[in-house]
There are 2 protein chains.
Amino acid sequence: MDTSPTLLDDRRTSPASRKTSGTSEVAALQVGCRSGAKRATLKEGPPGSESIGYDLHESLQFMEYANGVAKNKGKIKGFFRWIYICTIGVATGAVAIAIQMALHKTFEVQYELQDALAEHGLGLRYVAWTGIRMCLAAVAGALVCYVQPLAGGSGIPEIKCYLNGVDVPGVLHLRTLVAKAVGIVFSVASGLPCGKEGPMIHSGAAVGSLMTHLSAWKLKGPFRQPQEARDMTAAGAAAGVAAAFGAPIGGVLFAVEEGASHMNPRILVRTFVCASLATLTVRFFLGPLDGDLDWGLLGTEVPVEFGRFPSRNYMVWELLIFALIGIAGGLFGAAFNQLNYRLTTWRMVYIGSRGTRRFLEVLFVTMVIASVNFWAPLMLGGETERAKFTSAQLLFQESGNTGIKALFHDETEFDWRMLLIFSFLHFAAACWTYGLGVPSGLFVPSLLAGASLGRLVGQLLRAHVALEASPGVYALIGATAFLSGMARITISLAVILMETTGDAEFGLPIFLTVMAAKWTGDKFNKGLYDIHIGLKKVPLLEHFPEKDTLTIQAGHVMETCLKVVEPQMTVRDLLQVLGGCKHNGFPVVESSSWRFLGLVQRNSLHHLLQSGKAHGAFRVHGESERGIVPFEVMAGKGYPDCESFEAVRESLELEDLEKVVDLTPYMNSGCYTVPTEAVMARCFMLFRTMGLRHLPVVGKDLKLQGMITRKDLILEEEDTELA
Amino acid sequence: MDTSPTLLDDRRTSPASRKTSGTSEVAALQVGCRSGAKRATLKEGPPGSESIGYDLHESLQFMEYANGVAKNKGKIKGFFRWIYICTIGVATGAVAIAIQMALHKTFEVQYELQDALAEHGLGLRYVAWTGIRMCLAAVAGALVCYVQPLAGGSGIPEIKCYLNGVDVPGVLHLRTLVAKAVGIVFSVASGLPCGKEGPMIHSGAAVGSLMTHLSAWKLKGPFRQPQEARDMTAAGAAAGVAAAFGAPIGGVLFAVEEGASHMNPRILVRTFVCASLATLTVRFFLGPLDGDLDWGLLGTEVPVEFGRFPSRNYMVWELLIFALIGIAGGLFGAAFNQLNYRLTTWRMVYIGSRGTRRFLEVLFVTMVIASVNFWAPLMLGGETERAKFTSAQLLFQESGNTGIKALFHDETEFDWRMLLIFSFLHFAAACWTYGLGVPSGLFVPSLLAGASLGRLVGQLLRAHVALEASPGVYALIGATAFLSGMARITISLAVILMETTGDAEFGLPIFLTVMAAKWTGDKFNKGLYDIHIGLKKVPLLEHFPEKDTLTIQAGHVMETCLKVVEPQMTVRDLLQVLGGCKHNGFPVVESSSWRFLGLVQRNSLHHLLQSGKAHGAFRVHGESERGIVPFEVMAGKGYPDCESFEAVRESLELEDLEKVVDLTPYMNSGCYTVPTEAVMARCFMLFRTMGLRHLPVVGKDLKLQGMITRKDLILEEEDTELA
């Protein structure tokens, strides 16, 4: 019910109670509500965040529409869906190409400038270096701090929440997409340890979601159904991964692993098509643009993101070393998460999510990191000109992707002391940067930190033991270990790394490392994305209920402070209910017996009040049946979106207020209910697999007893953990 | 309810009605049953096949057990589960290695004999060739026709059914595993166009299922829960794919695509570990045994199943050709399926599933195919000695896997006429063989047929157009197209082919081909596995309800002829109910009001009657509460398996018959129910995603109105299609 600490009323708002209800009565009734007020303060979630319901809307109105119109237009709709999906793939690919090319250019200019200044003193070079980087960071920071705070970070936590069923408003809007896609170019170019990959995934998801807002003539309505929007967004996110890493399969698996409890083979195929097209788009353009291939040539010649290994041989006992590296990755990852958690809570208190303080922090952090990256390569002496740097020195000044490629593939040894210093400094810088007011992905910085440590281990071991695997392979294993230890992604990460280095044969060592890192990390804390979701207080439902949920019954978990509606109500009463709370689902109950009849959504009611008069849905007391507002009309007005309560109230005339509306055609009469004795594990299962938003709890006589929302489930789990 | 045409009784069997019930009354009541009798004859399914229920068993008895024992043993159980899963992986790998090595040896001997006879006349060589092959086929045929008919075919349809929730008894037993694993060696060695891969998948699933029967001391019970058994079987099947193709990711995706509606990240990881271990086992042993690598060397040196391509370049416009090949593959696949469907229906009538007639068919078919394979290479003249054959001639006499490798990788041109003849004959032979009384996979024969056609296209095109892709790549595309056109597998097939040729970069063309083939084929008929499932009349629930299910209500679909039980019953009455039907789920209703209370399973009741006396669950009329049989006791006696009704009845003494048992502790009181007005689409969704077996339908007053089983859903869909 998305309980907010507004007017809580234990009884339905009937005309009788309405007239007498005053502050004192409300206060008195709140005592009767078992949990509401306390809970509402416990977990409010990000401002305005809304839970999404994906259940079959079994209302008379919708069924009529679905049986009539949809049957005839089914094929057309299917055709449009494919066009939409293909467009999402291509558009996501195009966004990725734009980011990539822009980055390429920006780095080139910076290096050229440094090389041009090579004859001047270090001081001038330092000022130019740091100044440019601060300017670039300022653009990225301004976009986040002043334009759209949601463009900050990687965006993966937000996408995960959306796919789980919690919509943070604005996350998938055009403004966010633009701020993110433009911002990430500047934040990566500013030399901050950010990856472009996370933001690309966010961009893809936003493209997918925006597509569903496109009007395809009469077909617009259906595509804004929550299920369609969710599937398109998931496809977009998968396309984002596919475009970022050239990993279509990894992208699909990422969508499955990180979000989608709703996957089935049909959606899987669509997602796959979308991801494949994104990869194709990127490959087609980047081959000739970024490399020097002929236009149109594809296949094995096209370079893969992190470069192909000519050989990745290893001896069976090296699997043991890989597992140990995995464990180390898990430990480092857990430490990273812990540090970043502390930093983020500090930031939430002292910096805030937008404004000048956050902007200044961006400039300060960029200055420090740029300075470190400028001076650190010179620490151990050696050349001071960039053009003459050793490969280990270059790590500090090149983009993350170039660094990773070097660590994977360079034949020459890296200076081990430099490598050690770099991994330590990079670890710290990455931790400091994530949560800063710029768009910033985590994949590349953590891969880079892990790769440098892995390369170090590989080089040191090779000096003493006869290893079969090359230090580059150890760098790959280290990268895998650290990323998995930090983000706790498993299968999709393994597949992404396989695809992004172009070989399907190296799955086993990568997978072993991934699992070792995840299991180790899980002993200490959650994955970084989940930590940030937790900090935002988003009520995310995990895949599984805790074991203890077998002892708890629905009656114990449910919210008992309900706002209910009756099958027939006057417009005035309905306005009273809608205005008196912010709930989104209202149980419809029989007036006399409180028997549960169905569930009606706030958006349906708003639309009904707005369009009801024109379609004859308002009737005078005693009059017999009148018309209903067809679903097409609501869809035409943007359903599931609706006007605000105030707008709806103002659209009504005084004479309408005493007229009666029949709510039964708009209620979901088939919605799932559970008896009060049902165990919580079952409620959890229903919520998770069916994508519910509200789960009414009924007694033996079908009398409404309460309602369960995702917040109730999560709070109950937390209570259990604390107890 | 698995209605069988036995005594159908519209009223619960109460003492009153029992005494008067005679044939005439039963007959009269049958008229009241809307659908039962007709339906039961429509779709009986394979003899003894049982639907499986995966719902949470929310009974008092089980909850007590789960909260008490399981809490303490949770970690131990988790530990054992990992041991089990690892064992399944390694064991499946071991089975695959044994099959592979045995095949290697058998082919070697055959070739050596042919080469030794090279100086003798063609006649003698022919007799030796055909004679040996008929002897080999005789062993495979005998195993299927006389020992275990379920070992015939690929086994994939049966696994698909099991994962979907229909258990054909014996499919996963040791006897079937042995017959299949031994039989496949002989059937492949006999030169029949069979692949070993399908049977390897079946073997893996059987290994997985058998593991759950292993006694792990006190932990035995829990692992025989239907959910555990299903997950282990799915893991085993994935391991089978992984072992057969060296494709762990493909294996996991195969399990997801072909069966598992129940996948979630936790199970996915387990399945992945299992599949990875199977691949590791195969790689570790086959590298040194089959190739000539050092022991312990792994990675890129280890040969992959169908060989690596050094380059798979293609131009972007070649994607169009690939798509056209995909369409052709869809057409050929559909034709293959149609022909095989006719052949199989003919076989069902004239051959039967076991016995001498089937055995003689095996010998006859083997003789014909062996003769064709002996003489066909000589049709166009040329050398008659095997050792001097051209690569096109060799295709007839070598194993399918060798042929595929040659088509993919041979640099020299194949004689196009020979290639054409081969693909035609092989197509016919493969179609003739599938359904024969031998273990026979379909992957390799269809890949081979497709590869030869694809190679032909590639070679012909290359002579006239400047292609970038090599004819070998065209062979790969052809193979993909044909297999997908026949089996209609999509994502997992694409991934398997990528892994089995060792490159992750070629996904796009393969995926494009797969989708083109699937969509084309779907225009004509179903995939071959689904055709065979249909022929066996297995009530398989597809992933989606038909669109029309929105108009149909639960009340229309449900079975109304029910056998119900009361919360308290005498042993005699309970025996009467259990003996009078073969139903497996009994709704518990309040005597007076027919109000639905819960669902109790036949196996619980059998166990209760058997162990009830010892645990004081039988009480004399009027006596107050007595004990209940704890779940551990039932688990110790093999729950969910139970003794037959006859055994249970004989275990009871005469004096027990009038005692009263309380059924409420054993009933699932939380089981999902739907109101009579719920649309069928919702019932379908509940069934499919929650893995139900019975779905009680209740009226407004919670009075039991009927029950839906998977057969009702499928029949309704078929009726709708016919209408």
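1. Take two residues as in contact if their C-beta atoms, placed from the backbone, lie within 7 Å. On that footing, 63 residues of chain A are in contact with 63 residues of chain B. Bear in mind that this is a predicted model.

2. Which elements of chain A each supply at least two residues of the side that touches chain B? The helices are α4 (60-116), α11 (248-258), α12 (265-290), α20 (491-500), α21 (507-522) and α28 (680-690). Strands β3 (297-298) and β4 (314-315) do so too. The largest share comes from α12(A), with 9 residues.

3. The make-up of that side of chain A is 32 nonpolar, 18 polar and 13 charged residues.

4. Strand pairing also crosses between the chains. β3(A) and strand β4 (residues 314-315) of chain B run antiparallel, joined by 2 bridges. Leu297(A) stands opposite Met315(B) in β4(B).

5. Now chain A by itself. It holds 29 helices and 12 strands. Of its 723 residues, 55% are buried. Among contacts in chain A with a separation of 6 or more, 79% link residues 24 or more positions apart.

6. One open sheet in chain A has 3 strands, in the order β10-β11-β12, with mixed pairing. β10 (674-675) and β12 (704-708) of chain A are the edge strands, each pairing on one side only. Strand β11 (residues 695-698) of chain A runs antiparallel to β12(A), with 4 bridges between them. Within this pair, Leu695(A) has Ile708(A) as its bridge partner.

7. Look at α28(A) last. This helix lies across β10, β11 and β12 of chain A, at about 150° to β11(A). α28 (680-690) of chain A also supplies at least two residues of the side that touches chain B.

Notes:
Residues are numbered from 1 along each chain as its sequence is written. Chains are lettered from A and ligands numbered from 1 in the order in which they are written. This is a predicted model: local features need pLDDT of at least 70, side-chain atom pairs count only at pLDDT 80 or more; totals for chains, interfaces and linings use all residues. Ala, Val, Leu, Ile, Met, Phe, Trp, Tyr, Cys and Pro count as nonpolar, Asp, Glu, Lys and Arg as charged, and the others, Gly among them, as polar. Two strands pair if DSSP finds at least two bridges between them. A residue is buried if 20 or more other C-beta atoms lie within 10 Å of its own, exposed if 12 or fewer, and partly exposed in between; C-beta atoms are placed from the backbone. Axes are lines fitted to C-alpha atoms, for helices over the stretch in contact, and angles run from 0 to 180 degrees between N-to-C directions.
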